[in-house]
Amino acid sequence: MNKYLEDLVKLSKFDTQISMFEPQIEREKAKLATFVETAEAIKQSINKTYAEIDDVKSKRTKNNIHLSELKNKLEDISKKHNLVQNEKEVKALQLEEEITKEQISFANEEIQRLDQITEVKEIELKESQEKLANEEAEIKDIQVAVDNQIEEINNQRNVVYHERSELLEKFDNKILTFYEKIKRWAKESAVVPVKKQSCYGCFMKINDKTYAEVIKSEEIINCPHCGRILYKEDETVEA
Ligand SMILES: [Zn+2]
């Protein structure tokens, strides 16, 4: 194979490898992100439950105040019993007393109901807090694994960068410029193999004459359709 073409194939393969490191790192980070999201959702539900408990407790306080007002009222009524003059006033007072007692029992029931709600919410809260603690422990483990994985990827990337720069040291400048021009629009597919007599970049069939030249590999051949640099894959199967 033409020496320049051989170098181009190598360079293109390095560039393809390099382009894959960043997505790999992103995938690792995404793994962690899903766990962090779950933890965030639990935190929000904990905050919501806290707010709900506060709300119930403030309702309970209001009921308690109301209850002590009603108790005072009941005391006043019983004091008035000695002052009433006639049957009509006695009945009116009795009615007021009954209504107040009903209100007291209603307020007591309401306090009981609110206490039950608080109890349920506090159990909920405890469960969420346990869930959060588990999630956070898991996040710690995953963080370590992800960090290790990213370090490994970065090491591999450094190796490829190093090999690439070694290759570039003795690279022909014109060929490099030519390659980079194509790479500007073709990205990682500036140099592509020919498979089944088709360009592996644009997937168009290549005419026999061009195909024969690609097989010969004596010159750098561009795809007549898209302009990418072509090579015959079989001859460059590498370890
Ligand atoms: Zn093509």
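**View 1. Parallel pairing of strands E1 and E4 in the predicted model.** In this predicted model, strand E1, which spans residues 191-195, pairs with E4 in the parallel sense, and four bridges join the two strands. Within this pairing, Pro193 has Tyr231 of E4 as its bridge partner. Tyr231 shares one side of E4 with Ile229, while Leu230 and Lys232 lie on the other side, and all of these residues are buried, so that both faces of the strand are covered. Such a division between two sides can be set beside the general pattern of a regular strand, in which the side chains alternate between the two faces of the sheet.

**View 2. The antiparallel hairpin of strands E3 and E4.** Strand E4 also takes part in an antiparallel pairing, with E3, over two bridges. Here Ile221 stands opposite Leu230 in E4, and Leu230 is itself one of the buried residues of that strand. The hairpin formed by E3 and E4 has six residues between its strands, and in this hairpin Gly227 takes a positive phi near 90°.

**View 3. The zinc ion and its four cysteine donors.** The zinc ion has as its protein donors the SG atoms of Cys199, Cys202, Cys223 and Cys226, which lie 2.3 Å from the ion. The angles among the four donor atoms run from 105 to 114°, and the site is tetrahedral. For comparison, the ideal angle at a metal with four tetrahedral donors is 109.5 degrees. Along the chain, the donors follow the spacing C-x2-C-x20-C-x2-C. Cys199 lies in strand E2 (residues 198-199), whereas Cys223 lies in the loop between strand E3 (221-222) and strand E4 (229-232), so this pair ties together parts that are 24 residues apart in sequence.

**View 4. Burial of two zinc donors, Cys199 and Cys223.** Cys199 has a relative accessibility of 0% and therefore counts as buried. Cys223 is likewise buried, with a relative accessible area of 4%, and the cut-off that applies to both is a relative accessible area under 20%.

**View 5. The annotated coiled-coil region and the two domains.** An unreviewed UniProt entry carries the annotation "coiled-coil region" for residues 67-152. Over residues 67-152 the chain of the model is 93% helix and 0% strand, and the C-alpha atoms at the two ends are 68 Å apart. The protein is divided into domain 1, covering 20-169, and domain 2, covering 173-238. Between the C-alpha centres of domain 1 and domain 2 the distance is 63 Å.

Note on methods: Residues are numbered from 1 along each chain as its sequence is written. This is a predicted model: local features need pLDDT of at least 70, side-chain atom pairs count only at pLDDT 80 or more; totals for chains, interfaces and linings use all residues. Side-chain values use heavy atoms; hydrogens and water are left out. UniProt positions are given in the numbering used here, feature names are shortened, and annotations may be inferred rather than shown by experiment. Domain bounds come from an automatic or database domain assignment. Donors are N, O and S atoms within 2.8 Å of the metal (3.2 Å for Na, K and Ca); water is not among the atoms, so sites may look incomplete. Four donors count as tetrahedral if all angles lie between 85 and 135 degrees; four count as square planar and six as octahedral if opposite donors are over 155 degrees apart and all others between 65 and 115; anything else is irregular. Buried means under 20% relative accessible area, exposed over 50%, partly exposed in between (1.4 Å probe, protein chains only). Two strands pair if DSSP finds at least two bridges between them.
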